[in-house]
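Work through these exercises with the structure open. Try each task before you read its solution.

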Amino acid sequence: MTKTHFIVPFFIPHVGCPHDCVFCSQGKITGKERPVLPEEVIPIIREYRATFPRNARMVEAAFFGGSFTGIPAPLQTAFLKEAYLAKKEGLIDRIRLSTRPDYIDQEVLERLSEFRVDTIELGVQSMSDEVLKKSARGHSSADVVQASRKIREYGFRLGLQMMVGLPGSRPDTEVQTASGICALKPDFVRIYPTLVIRGTALETMYKKGMYKPPSLEEAVDLCAVLAAMFIRENIAIIRMGLQPTELISEGGEVVAGPFHPSFRQLVDSRLVLRAVKWILDQRGMDPEVGIVMETNPKLLSTLKGIGKENIKALEREYPGLEIKVLKNKDLGRSEIRFINGKRMFEADYRQVIKSIK
Ligand code: SF4
């Protein structure tokens, strides 16, 4: 599928943020990156546009990096005015920004409405107040509920971000967070495994033995459970992997934590494996004749798993079974055809994930 949705990113660091979220490395980013100025917004959009294909169906200006609605109101207005002008001129289709749940109130929402902002993303991180407290977030789960409802009442698109593996979290608090998020019916979610970034409070906690990050395997397993919950509710997962401080984690600043450059593929492969095992168990098969799985070329590497991890897992599960995986461009992007001797059946792995608990 050709890419038709393009983002023009604007990094707006939350200079002087009064909070101290343990995982945050904003201070480091702020020192390294020159923040964008309002008068640069339209020229930057024009520059980006020149690199996008003519058939780009959706161009979105995205203000990220800190808590947009926490910066001084005149500066918010200056940025929003420029983005609004760009939208009026047809240079962009949507305006998106991210912020904290406790930086949403009527005055803020009126301002964002006035300048035709489309999407607001909230950093929820956890719906457990204990985890929020241990992570020094400075807001509660009730703030998340209240802010999300208000955002909806004003008619904005709502995105919610959660972090997995924060201090004090356990698998049950992660599930509690995902189910709390599902209840708020966002348009999309992002899932970030917590990484220990150099120079953060979390690094100190980690070095003192007060914090132990989940292993990559644990994080992938857990995120597969959470992703299945969102798939069941038809909530799009637009990002899995890295965390909001990704600018520096990409620069080799990760001290510990479940970092993997293809984290999303690891989780998607785990989900596909779960679905395939379920299908094979339900349908039964003749191990003597081996099995061929055909799938859309886009799903092929996810079905095999990184390093053929899924094939190896199936071989362990069904010793002696000969397994072949082939491309079939006639199948849909989440469809798999199973051929076992003379038997042939197809399944959509996402539909299977929806039906298994
Ligand atoms: S994550 Fe956001 S709110 Fe928390 S300290 Fe960093 S900039 Fe401030």
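**Exercise 1. Follow the sheet outward from Gln161.**

Task: Which residue is the bridge partner of Gln161 in strand 6?

Solution. Step 1: the partner of Gln161 in strand 6 is Arg190. Helices (H or I, at least four residues) and strands (E, at least two) are DSSP runs, numbered from the N terminus. Before going on, note that this is a predicted model: local features need pLDDT of at least 70, side-chain atom pairs count only at pLDDT 80 or more, and totals for chains, interfaces and linings use all residues. Residues are numbered from 1 along each chain as its sequence is written.

Step 2: place the pair. Strand 5 (residues 157–164) and strand 6 (residues 188–193) pair in the parallel sense. Their pairing has 6 bridges. Two strands pair if DSSP finds at least two bridges between them.

Step 3: look at strand 4. Strand 4 pairs with strand 5 in the parallel sense, over 6 bridges. Here Gly123 has Gln161 as its bridge partner in strand 5.

Step 4: look at strand 8. Strand 6 and strand 8 run parallel and are joined by 4 bridges. Phe188 has Ala236 as its bridge partner in strand 8.

Step 5: add the helix. Strand 5, helix 7 (residues 171–183) and strand 6 form a right-handed β-α-β unit. A crossover is right-handed if, with the strands pointing away from the viewer, the path from the first strand over the helix to the second runs clockwise.

**Exercise 2. Judge how enclosed two strands are.**

Task: How many residues of strand 5 are buried, and how many of strand 6?

Solution. Step 1: take the cut-offs. A residue is buried if 20 or more other C-beta atoms lie within 10 Å of its own, exposed if 12 or fewer, and partly exposed in between; C-beta atoms are placed from the backbone.

Step 2: apply them to strand 5. There, 7 of the 8 residues are buried, so strand 5 is largely enclosed by the rest of the structure.

Step 3: turn to strand 6. There, 5 of the 6 residues are buried, so strand 6 too is largely enclosed by the rest of the structure.

Step 4: widen the view. Of the 357 residues of the protein chain, 40% count as buried.

**Exercise 3. Locate the core.**

Task: Which helix gives the most residues to the largest nonpolar core?

Solution. Step 1: define the term. A nonpolar core is a set of buried Ala, Val, Leu, Ile, Met, Phe, Trp, Tyr and Cys residues joined through C-beta atoms within 7 Å.

Step 2: find the hubs. The largest core has 74 residues, and Ala61, Met162, Cys223, Ala227 and Val267 touch the most other members. Helix 9 (residues 216–232) gives the most to this core, with 9 residues.

Step 3: check the domains. Domain 1 (5–260) and domain 2 (268–355) both give residues to this core, so it lies between them. Domain bounds come from an automatic or database domain assignment.

Step 4: zoom in on Ala61. Leaving out residues up to four places away in sequence, Ala61 touches Val8, Phe10, Ile45, Ala83, Ala86, Ile92 and Ile95.

Step 5: find the other core. A second, separate core of 9 residues includes Cys21, Val22, Ile197 and Tyr211.

**Exercise 4. Compare the domains.**

Task: How many residues of domain 1 are in contact with domain 2?

Solution. Step 1: count the contacts. 7 residues of domain 1 are in contact with 6 residues of domain 2. Two residues are in contact if their C-beta atoms, placed from the backbone, lie within 7 Å.

Step 2: take the distance. The centres of domain 1 and domain 2, over C-alpha atoms, are 35 Å apart.

**Exercise 5. Examine two positive phi angles.**

Task: Where are Arg116 and Asn234 found?

Solution. Step 1: recall the rule. Most residues other than glycine have a negative phi.

Step 2: take Arg116. Its phi is near 55 degrees, a positive value. Arg116 is in the loop between helix 4 (106–114) and strand 4 (119–125). With 13 other C-beta atoms within 10 Å, Arg116 is partly exposed.

Step 3: take Asn234. Its phi is also positive, about 55 degrees. Asn234 is in the loop between helix 9 and strand 8 (236–240). With 10 other C-beta atoms within 10 Å, Asn234 is exposed.
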